[in-house]
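Subject: Structure handover

Dear colleague,

Here is the structure I said I would pass on. My notes on it follow below.

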Number of protein chains: 2
Amino acid sequence: MSRVLNGNPHVSEETRRKVLEVARRLNYQPHTYAQRLAKQKAYAISALIPFFINYFFIEVLRGVQSKISELGFDLVLYGVNDPSTQVEHYIQKSTHRGKVDGVLFFSMKFPESYVRYFIQRGIPIVLVDTYHPKFDSITVDNFRGAYLATKHLIELGHEKIGIITARLESVPAKQRFDGFKQALLDHGRKFYDEFFVETKDTRHDGFNREAGYHACKELLNRGAKLPSAIFVSSDIQAIGVIEALSEKGIKVPDDISVIGFDDIELAKDFGLTTVRQPMYEMGVVAVEKLFERMNDKKISPRHIKFIPELVIRKTCP
Amino acid sequence: MSRVLNGNPHVSEETRRKVLEVARRLNYQPHTYAQRLAKQKAYAISALIPFFINYFFIEVLRGVQSKISELGFDLVLYGVNDPSTQVEHYIQKSTHRGKVDGVLFFSMKFPESYVRYFIQRGIPIVLVDTYHPKFDSITVDNFRGAYLATKHLIELGHEKIGIITARLESVPAKQRFDGFKQALLDHGRKFYDEFFVETKDTRHDGFNREAGYHACKELLNRGAKLPSAIFVSSDIQAIGVIEALSEKGIKVPDDISVIGFDDIELAKDFGLTTVRQPMYEMGVVAVEKLFERMNDKKISPRHIKFIPELVIRKTCP
DNA sequence: TTGAAAGCGCTAACAC
DNA sequence: GTGTTAGCGCTTTCAA
């Protein structure tokens, strides 16, 4: 009898015991989908994730997973290999009628053509690491992170600070760039055009090691003078930068300081000073917000910005 | 009417047209779980993955994802943070009655206490990057990979070849170690105890950059002589090794050759010669095998071993 | 408190 | 060909 399994209070101790006993003997398990159908609830959420964001993605997913399983829900994963062509298809799949109670949408531009779709059908959704005014979102404050990093460099006494950035079409790259400039401005430092390189590499929007390596090469080839510190828009690029530097015999941090962004696992290995995004926690919060949204579809969209924190290691003494 | 949506041939052109028309107008979608319940099929598989295997895991997952979505199935993901305590719990969840048609079990020791469970209930399962005689499995031939790498070093003319390995309790580390020794033996090379280091670091069984770094330090501290080439049991460790070497002013490959294993993304960045595991393809094949198993539960377990291939880059001239 | 029956939304078998 | 109905396995309502 369904009543006892579902903890209905109106059952006598005796029947409860008996039912439980039989259930155990028969190794009974309710059928997943019969239950979901009858209850009109999916007990599942889906996650749409671009597959290229490696480090970030895994950490956030851990957070998501841990929270979600604590709540007894299932995670249906849709990994998007080519966002520009596949997002809409996966949105469709993940929102097939009844399938999930909510969706987590990661790191991709949310297609404008689907905002009505979600709103009309009242499908709870939270955007992670991306933004849209009509939906809940969890992001990291790239501007403040870059500001923090730059301020740190300034407080260390650096005057000439360079920047190596990923493609500025990319929203996070742009925000980090702006934070960098603002920090310079607020502290009376000059922005040196000759110490500014935007990578040409477009793979992952320039957020890759080779991009950092080559951008640094370019900086080195411009002339003899170098800044005393460089802010790099991501750790993975920073590692490329350090590589390029060390090839020329330039020591980090003795000859030049380097600061990154993200705090990926390798950053620790390299002793890289950087700005840490609380990835795991973002995953947890994303799930929490999604559940709140599921329970109250009327509240207006909330945007949570995580403040990154400085992680001081060895590359900026 | 269900007939036309499901492509039943016994429908007149006209009704088909009409039904389709109405369905479109009403924006009709069959209810996911009603369908699954009636069909007694889950149209979903689950994947049990340990969360720490980073690079490998993402690549394989891509393959899984791409094949699975080609087949129109859903992927229910269970990320295991602490295999030693959580596997059984997630096995239970992922095999809840009716939930999935099959399961993919990754890179963890399959608990002996659950082999009967799967066999009796006839749940299709394929093990990926791990092995059990009673179930289908997809693995990489670590022995042959290491053999290949070592043979390559030998053919390059190296006499004194060192090895830096992860914890030998770990099955892949051991297999790679054995492949290394066998290659030495087969080609009349000596195994030098003084050029052999097993890492002490136990994080990820020693498959991490710092482990490589420190193991190499240890090798360097032993005395003046060095081998002319080193086989390292993983790329991530090899990067640590190169780091330690370059700190001492020892150039790779001028002073010493280094070869890794895995072909992670960083390997390309570092120009590291290595042995490539076809991770994406393993994911694809895993899904294919799982489907074959789902269609025929009687065939006896098959074990597929992928042969890794040498990727020659710049660290072994 | 408990037994019975009416959904949940679909598929498949059965008549017509 | 097409309409009808009996499941699929559970939850929930309604009597009893």
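A residue is called exposed here if 12 or fewer other C-beta atoms lie within 10 Å of its own, and buried if 20 or more do. Please keep in mind that this is a predicted model.

Helix α5 of chain A

On α5(A), the exposed residues Thr85(A), Glu88(A), His89(A) and Gln92(A) sit on the face turned away from the buried side of the helix. The buried residues of this helix, which spans residues 83–94, are Val87(A), Tyr90(A), Ile91(A) and Ser94(A). Viewed down the axis of α5(A), the buried residues fall within an arc of 110°, so they line one face of the helix. The spacing fits the general rule: an α-helix has 3.6 residues a turn, so residues three or four places apart point the same way. As for what the buried residues of α5(A) pack against, the partners are three strands of chain A: β1 (44–50), β2 (74–80) and β3 (102–106).

How the two chains are related

A turn of 180° with a shift of 0.1 Å along the axis lays chain B on chain A, with an RMSD of 0.1 Å. The two copies are therefore related as by a two-fold rotation axis. In chain B, Val76(B) has the C-alpha nearest that axis, at 2.3 Å.

The contact between the chains

Chain B puts 29 residues into the contact, and chain A puts in 29 residues. On the side of chain B that touches chain A, at least two residues each come from α3 (32–39), α4 (54–70), β2 (74–80), α9 (209–221) and α11 (265–270) of chain B. Of these elements, α4(B) gives the most, with 6 residues. By residue type, this side of chain B divides into 11 nonpolar, 10 polar and 8 charged. Of the interface residues of chain B, 100% are also interface residues in chain A, so the copies meet through the same surface.

Tyr55(B)

One residue of helix α4 of chain B that I looked at separately is Tyr55(B). Is Tyr55(B) buried or exposed? Tyr55(B) has 20 C-beta neighbours inside 10 Å and therefore counts as buried. Leaving aside residues up to four places away in sequence, Tyr55(B) touches Ile264(B) and Glu265(B). From Tyr55(B) to Leu266(B) there are 211 residues in sequence, while their C-alpha atoms are 9.7 Å apart in space.

Regards

Key
Residues numbered from 1 in each chain as written. Chains lettered and ligands numbered in written order. Predicted model: local features only at pLDDT ≥ 70, side-chain atom pairs only at ≥ 80, totals over all residues. Least-squares fit on C-alpha atoms with pLDDT ≥ 70 in both. Contact = placed C-beta atoms within 7 Å. Helix = DSSP H or I, 4+ residues; strand = E, 2+ residues; numbered from the N terminus. Nonpolar A, V, L, I, M, F, W, Y, C, P; charged D, E, K, R; others polar. Arc of directions from axis to C-beta.
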